[in-house]
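Work through the exercises below with the model open. Try each task before reading its solution.

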Amino acid sequence: ENRLISKIYKKDFQNNMYLHYSSLHPRKTKTNIVKGQLKRISNLTKEDEVFELEASNFCKRMEKRGYPQGEVERLFTEQVRKRKNMVSYVNNNNEVDSRTKSFMTALAVQNSTD
C-alpha cells in the first residue's frame, strides 16, 4: 500500500520559547496555549502515530516550561478524544453534511497557508 506520511517541520534552531507556566498571565491563557498547539498538531498530522509522537514531544517541552504534568496530560487526552470523534464521524458517514464539509475544507485551506 502506498501512503504518504508527513511530520511537522521544525527549524534546527527552534527553541522551546513557549510562555513559562510561572508567568503572571491568566491560567486560561496558559491552558489555551497548550490546547491550541495540540489542536494545530492534530490538524497537521493525518496518521495517528505521527500525531502521538509530535504531541508527546510537545507535551514534554511544555512540562520543561513548568506546566503541570497532570494538566498537560488532561489536555492531550482531550485532544485525542476530539480527534477520534472526528475520524469516527467521518468514517461512519459516507455523506458528510455540507456544513461539516465546508468547515473541513476551510480548515485544510487555512493549514496549507500557515
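**Exercise 1. Classify His25 as buried, partly exposed or exposed, and find its partners.**

Step 1. His25 has a relative accessible area of 41%. Buried means under 20%, exposed over 50%, and partly exposed in between (1.4 Å probe, protein chains only). His25 is therefore partly exposed.

Step 2. This is a predicted model: local features need pLDDT of at least 70, side-chain atom pairs count only at pLDDT 80 or more, and totals for chains, interfaces and linings use all residues. Residues are numbered from 1 along each chain as its sequence is written, and side-chain values use heavy atoms, leaving out hydrogens and water.

Step 3. His25 sits in the segment before α1 (27-44). Helices are DSSP runs (H or I, at least four residues), numbered from the N terminus.

Step 4. Beyond its neighbours within four places in sequence, His25 contacts Leu19 and Lys30; contact means heavy atoms within 4.5 Å.

**Exercise 2. Check the length of helix α2 (residues 48-64).**

Step 1. The expected span is 1.5 Å times one less than the number of residues.

Step 2. For 17 residues, α2 should span 24 Å. Its end C-alpha atoms are 24 Å apart, which agrees.

**Exercise 3. Which residues of α2 are buried?**

Step 1. They are Val50, Phe51, Glu54, Ala55, Phe58, Cys59 and Met62. Their arc of only 160 degrees around the axis puts them on the same side of α2.

Step 2. Exposed Glu49 and Lys64 lie on the face turned away from that buried side.

Step 3. Take Glu54: at 6% relative accessibility, it counts as buried. Glu54 touches Lys7, Ile8, Lys10, Ile41 and Thr45, not counting residues up to four places away in sequence.

Terms used
Helix = DSSP H or I, 4+ residues; strand = E, 2+ residues; numbered from the N terminus. Arc of directions from axis to C-beta.
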